[in-house]
Amino acid sequence: MDPDTVKRSLEGEYEGEGKAAFSSNLPDHFFDQFILQGLRIDAVEHGRVLCSLSVPPRLSSSSGGYIHGGVITSLADVVGAAVFYSAGILTSGVSLEISVSFVDVASIGDEIDIEGKLLRAGKSVGVTSVDFVNKKTRKTIAQARHTKYLAASSRL
């Protein structure tokens, strides 16, 4: 998949094949509006996607104005999938595992850099890493590892 298509999909302009069953009960583009709104795609290269985000209040936890851990995990999922597309892998596959190590916080208004990199793409399994870094302090906020099953689905 070309870099412009990857960028459009992250910005919510590209409708892939189907939506999750639960989304039929939500307003159109609910996920895009809630999590992805404001995500900027700064660079797309083969096997690498670099994004940035200014943390808005809607993405904060209720306990102090920090970005919610679930948001970081969701972004790791989306950016990790985009990394596979950027490497020419035409399926985003199915997540087998997402692990996130939270090592610092990002407050409302903080600018964060999000860098996804391809670690491995085999015949059926691929792995990406997604790093979240405070743009001003350069402190790591979180590091994620995303493992996906990439093989095409069976048509039994």
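**Exercise 1.** Which residues of the largest nonpolar core touch the most other members?

*Solution.* Start with the ground rules. This is a predicted model, where local features need pLDDT of at least 70, side-chain atom pairs count only at pLDDT 80 or more, and totals for chains, interfaces and linings use all residues. Residues are numbered from 1 along each chain as its sequence is written, and side-chain values use heavy atoms, leaving out hydrogens and water.

Next, the term: a nonpolar core is a set of buried Ala, Val, Leu, Ile, Met, Phe, Trp, Tyr and Cys residues joined through side-chain atoms within 4.5 Å. Buried means under 20% relative accessible area, exposed over 50%, and partly exposed in between (1.4 Å probe, protein chains only).

Now the pick: Leu75, Ile112, Ile114 and Phe132 touch the most other members of this 27-residue core. As for its sources, α3 gives the largest share, eight residues. (Helices are DSSP runs of H or I, at least four residues; strands are runs of E, at least two; both are numbered from the N terminus.)

**Exercise 2.** Work out whether His146 is buried or exposed, and find its polar partner.

*Solution.* First, place His146 in strand β6. Its relative accessible area is 1%, so His146 is buried. Then look at the side chain: His146 makes a polar contact with the side chain of Ser95 at 2.8 Å. (That's a pair of N or O atoms within 3.5 Å; within protein, one must be able to donate a hydrogen and the other to accept it, and residues adjacent in sequence count only if both atoms are side-chain atoms.)
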